[in-house]
Structures are given as C-alpha cells and as structure tokens.
Amino acid sequence: MSKLEDRRKEARELVVSFTLVYESTQGKLLGYLRDLTMNGARVSGSKALSVGSAVSLSIELPRDLPVVETNLYVEAKVARCEQVTDDPPNYDLGFEFSKLKPEQSDVIEKLLKRYYFKRSWT
C-alpha cells in the first residue's frame, strides 16, 4: 500500500464518466475528475497548483443527475500536486473540500451512488 493510501480517511470512488472541473472564480478549466469522496477529489489537469492554496471549484454535473444545479460549487484546498507526465505536462491534483454545506454533501452523495463504483482496497 502506498503512503497516500495510508493517509486516506476513506476509499475513493473511481469516476465512470468524463466530468470537467473548473476554477470557478476565473472560469479556468483545471482538468477532469478522476475520483471523489465526501472529503475531496482528485483531478487530472495540465496546470500545476500550489499545495495549500485555496481554490473555488466548479464540478460539472451530469445532465441526468436529479438535482437543480448544473454545477457543484465547493471551496477546497490543494492537498497535493504531482507531475505525472512531461510532454505534455500533466498533473495529478488532490483537493480537500472545505466546510461542505448539507446541500453540497447531498449532491456528492448522489454522484457517488449513481455514477461511481467502489474500489476494493484489500
């Protein structure tokens, strides 16, 4: 088991569909969602971010998810940023959600139940 898996509080869910993630205050595309938990997300992107920095995320919601909004807006902290390829540069970005509101938690739960599957960590 890797050091990262040892530090995780819960198993991540693998994303089954292509879900875009933006930095919501500037509308810049960060990348696409790789996996998700109630506490955070992993995004594959082409820009490095400073670990520890605060980010306002906008996660595009699938159109058939039974929610009113088209995007999930959450505040997060960059927990890690690792370069995984050189040419072109690609980064594995880890985000920790900050103070989720109940309605945000509800949307994440719906996403996990409907569009993701559990990974076995045994």
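Start by selecting Asn 71 and Ser 58: their side chains are joined by a polar contact of 2.7 Å. Keep in mind as you look that this is a predicted model. Asn 71 belongs to strand β6. Is Asn 71 buried or exposed? With a relative accessibility of 16%, it counts as buried, because the cut-off for that label is under 20%.

Stay on Asn 71 and show what surrounds it. Leaving out residues up to four places away in sequence, it touches Ser 58, Ile 59, Glu 60 and Leu 61. Its side chain also makes a polar contact, 3.1 Å long, with the side chain of Thr 70. Now add Val 21 to your selection. Asn 71 and Val 21 sit 50 residues apart in the sequence, yet from C-alpha to C-alpha the gap in space is 9.3 Å.

**Next stop: Tyr 22**

Click on Tyr 22, which you'll find in strand β2, residues 20-23. This one is partly exposed, because its relative accessible area is 22% and buried would need a value under 20%. Which residues does Tyr 22 touch, once those up to four places away in sequence are set aside? They are Gly 27, Lys 28, Leu 29, Leu 30, Ser 56, Leu 57, Ser 58 and Glu 60. For Glu 60 there's something extra to display: a polar contact of 3.5 Å between its side chain and that of Tyr 22. Then bring up Tyr 73, which is 51 residues away from Tyr 22 in sequence and 9.4 Å away in space, C-alpha to C-alpha.

**Now the strands: β7 and its partners**

Select residues 90-97, and you have strand β7. Of its 8 residues, 6 are buried, so the strand is largely enclosed by the rest of the structure.

Which way does β4 run relative to β7, parallel or antiparallel? Select residues 40-45 to get β4, and you'll see that the two run antiparallel, joined by 6 bridges. For a marker along this pairing, pick Gly 45, which stands opposite Tyr 91 in β7.

Now colour β6, residues 71-85, which pairs with β7 over 8 bridges, again in the antiparallel sense. Glu 82 is a good residue to label here, as it stands opposite Asp 92 in β7. Follow the chain from β6 into β7 and you trace a hairpin, with 4 residues between the two strands. While you're in that loop, pick out Pro 88. The peptide bond leading into it from Asp 87 is cis, with omega near 0°.

**Into the core**

Hide the surface and show the nonpolar side chains. How many residues does the largest nonpolar core have? It has 23, and those with the most contacts inside it are Val 21, Leu 36, Leu 57, Leu 72, Phe 95 and Phe 97. At least two residues of this core come from each of β3, β4, β5 (54-60), β6, β7 and α2 (102-115).

**Two loop residues to compare**

Go to Thr 37, in the loop between β3 (28-36) and β4. It counts as buried, at 4% relative accessibility. Its side chain reaches the backbone nitrogen of Asn 39 at 2.9 Å.

Then jump to Lys 99, in the loop between β7 and α2. Lys 99 counts as exposed, because its relative accessibility is 81%. Check its backbone too: phi is near 45°, a positive value in a residue other than glycine.

**Zoom out**

Switch to a cartoon of the whole chain. There are 2 helices and 8 strands, and from the N terminus on they run α-β-β-β-β-β-β-β-α-β. The chain has 122 residues, of which 39% count as buried. Among contacts between residues at least 6 apart in sequence, 56% join residues at least 24 apart. If you turn the surface on, you're looking at about 7600 Å² of accessible area, and 51% of that belongs to carbon and sulfur atoms.

Last of all, colour by pLDDT. The chain's mean is 82, and 77% of its residues reach 70 or more. Where is confidence highest, and where is it lowest? The high point is β7, with a mean of 96, while the low point is strand β8 (residues 116-118), with a mean of 50. Over residues 117-122 the pLDDT is below 50, and this stretch has 12 contacts in the model beyond near neighbours in sequence. Where pLDDT is low, the predicted coordinates shouldn't be read in detail.

Notes: Residues numbered from 1 in each chain as written. Predicted model: local features only at pLDDT ≥ 70, side-chain atom pairs only at ≥ 80, totals over all residues. Heavy atoms only, no water. Buried < 20%, exposed > 50% of the residue type's maximum accessible area, 1.4 Å probe, protein only. Pairing = 2+ DSSP bridges. Polar contact = N/O pair within 3.5 Å; in protein donor to acceptor, adjacent residues only side chain to side chain. Core = buried A, V, L, I, M, F, W, Y, C linked by side-chain atoms within 4.5 Å. pLDDT = per-residue confidence, 0-100. Contact = heavy atoms within 4.5 Å. Areas by Shrake-Rupley, 256 points an atom, 1.4 Å probe, with all protein chains shown as cover.
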